[in-house]
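Trainee: Please take a close look at a single part of this structure. I would like one connected account of how it is built and what lies around it.

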Amino acid sequence: MSVSTLNVAALAALERALNAALALAPATREELGKLRGKVFGIRASVPAVGVYVAPDAAGVRLLTHHEGVTTCTVSGAGSDFVALLGAGDKAGALVNGNLRIEGDSSALIALARVLADIEIDWERHLALVIGDVPAHQIGRTVRGSARWSRDAHASLLRHVTEFVHEEARLAPSRMETADFAADVQALARRAARLDNALRRIGRRLDALSARERAPRG
Amino acid sequence: MSERSTTHFGYRQVPEDEKARLVGGVFDSVATRYDLMNDLMSGGIHRIWKRVTIELSGVREGQRVLDVAGGTGDLSARFAQIVGNAGRVVLSDINESMLRVGRDKLIDSGAVANLEFVLADAEQLPFADRSFDCITIAFGLRNVTHKERALESMLRVLRPGGRLLVLEFSKPTSDLLGKLYDAYSFGVLPRLGKLVAGDADSYRYLAESIRMHPDQEALRDMMEDAGFERCDYHNMTGGIVAIHRGFRAGA
């Protein structure tokens, strides 16, 4: 049996990058520590790739081989894994997507949540380099800019929505759409009732015509 | 008149009791530049080979690991992280210079709580029977005078169900790769050794000793003869190195 040096090298590089990010995120690392001792298998069919994820004291280990007990194995096509990476709610996508899960899925969901929510404490690490006060000033400025950007984005979205619905009347509002959908559903229900009534009438007419054709005696 | 039995030292035949001293001389000469030379000679790939060895070891938290001929301690450092404070890692080497370099490196990196350093001959390991869950010997077995004795000694100190991993240079699986590898080993390697470690002879010995080492199948047979069970091997980088694995019966 031979081992692909390139695969192992790629995994080693990925593990290094992941652990470098985890080293800057103490809260995430602490959460990950709770999963220590568990091993998760990931198997993609197209392309055929297999990797084991083992949380440990240093962060995570990415392995090509594992011979012990696997806590949970998730398998599927490569495209399903790509869809999972792009999903906003990774835990939800993991459970409701096309991937097959075998073993302790609660531990797998916990791992997905921890890795999806890596929160890097930039200010703390910046303080080690440039000192507490400048790091705090930079942190406050960055947080302020982020908040302004978030508020501006929400405000812009609100105004554009108002313009499209109310001013330019380019698209119906949510309430109009909901009313229209309710009307369509009511119409569908009435049409179904009418259909039933017509069937009943049809059955009665058939019965009457059969009685008339029957020989009298 | 009795004739002294001989063994190979690279391509030379030397008296058996001389080989350990000659190998000791090689490693005394390269100890301080050993890590740098490994990186230069292999283009850093030796780290990948060691990584796979650790994966195949299956070592878990709380276990006891013996790193025979552990030299500058690459495997021991990683094992110490994996076994944690509940486990124990013993780094052993027959060469005092190599062991000192390894010990200093590991202490400087803060890996001290669960590590021991033991100057020991792989043929006569000074440990109690059945005392380790896993034993590794990376790029060390080919320098041992009596490989069979070393394998038997390692089997003795292994716990039932425990495993031995031998990471060692082996035979390339393709002729073309073999020719390129020969050209590199005998053309480039000694020059690189002279340039970086100031010692071409030691690196010529390295290339020769690799050629004299048993190939994949022969080493597996040797392990089985020594008493190991379920022996197999994994080729890496086209068979330039192989990881042999064997278990002690009675898990």
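Mentor: In this predicted model, strand β7 (residues 158–169) of chain B runs antiparallel to β9(B), and seven bridges join the two. One pair that fixes the register is B:L164, which stands opposite B:G246 in β9(B). Strand β9 itself covers residues 241–247 of chain B and is mostly covered, with six of its seven residues buried.

β9(B) also pairs with strand β8 (residues 229–236) of chain B; this pairing is antiparallel too and has six bridges. Here B:M236 has B:V241 in β9(B) as its bridge partner. β8(B) and β9(B) form a hairpin with four residues between them. In that turn, B:T237 has a positive phi of about 50°.

B:L164 leads on to the nonpolar core, since B:I135 is in contact with B:L164 when neighbours within four places in sequence are left aside. On the same terms, B:I135 is also in contact with B:L66, B:V68, B:M154 and B:L158. The largest nonpolar core has 85 residues, and B:I135 and B:M154 are those with the most contacts inside it. In soluble globular proteins, nonpolar side chains tend to be buried together.

Another residue of chain B to look at is B:F139, in the loop between β6 (132–138) and α6 (147–157) of chain B. B:F139 is not a glycine, yet has a positive phi of about 55°. B:F139 counts as partly exposed because it has 19 C-beta neighbours inside 10 Å, where 20 or more would make a residue buried.

Chain B also holds a helix pair. Two packed helices are described by the angle between their axes and the distance between the axes. For helix α2 (residues 34–42) of chain B and helix α7 (residues 175–196) of chain B, the axes come within 11 Å and cross at roughly 145°. The crossing of α2(B) past α7(B) is right-handed. From α2(B), the residues B:L36, B:M37, B:L40 and B:M41 meet B:L189, B:L192, B:G193 and B:V196 of α7(B). By type, the residues of this contact are seven nonpolar, one polar and no charged.

Beyond chain B lies its partner: 15 residues of chain B are in contact with 16 residues of chain A. On the side of chain A that touches chain B, β1 (2–3) and α1 (5–23) of chain A each supply at least two residues. α1(A) gives the most to this side, with four residues. That side of chain A divides into eight nonpolar, six polar and two charged residues.

Chain A has a sheet of its own. It is open, with five strands in the order β4-β3-β2-β5-β6 (chain A) and mixed pairing. β4 (59–63) and β6 (100–103) of chain A are the edge strands, each pairing on one side only. From one strand to the next, the twist averages 20°. α1(A) packs on the sheet and touches β3 (49–56) and β4 of chain A, its direction making about 170° with that of β4(A). Within the sheet, strand β2 (residues 40–44) of chain A runs parallel to strand β5 (residues 72–76) of chain A, with five bridges joining them. In this pairing A:F40 stands opposite A:C72 in β5(A).

Methods. Residues numbered from 1 in each chain as written. Chains lettered and ligands numbered in written order. Predicted model: local features only at pLDDT ≥ 70, side-chain atom pairs only at ≥ 80, totals over all residues. Buried ≥ 20, exposed ≤ 12 C-beta atoms within 10 Å, placed from the backbone. Pairing = 2+ DSSP bridges. Contact = placed C-beta atoms within 7 Å. Nonpolar A, V, L, I, M, F, W, Y, C, P; charged D, E, K, R; others polar. Axes fitted to C-alpha atoms, helices over the stretch in contact; angles between N-to-C directions. Left-handed = near helix turned anticlockwise from the far one by under 90°. Core = buried A, V, L, I, M, F, W, Y, C linked by C-beta atoms within 7 Å.
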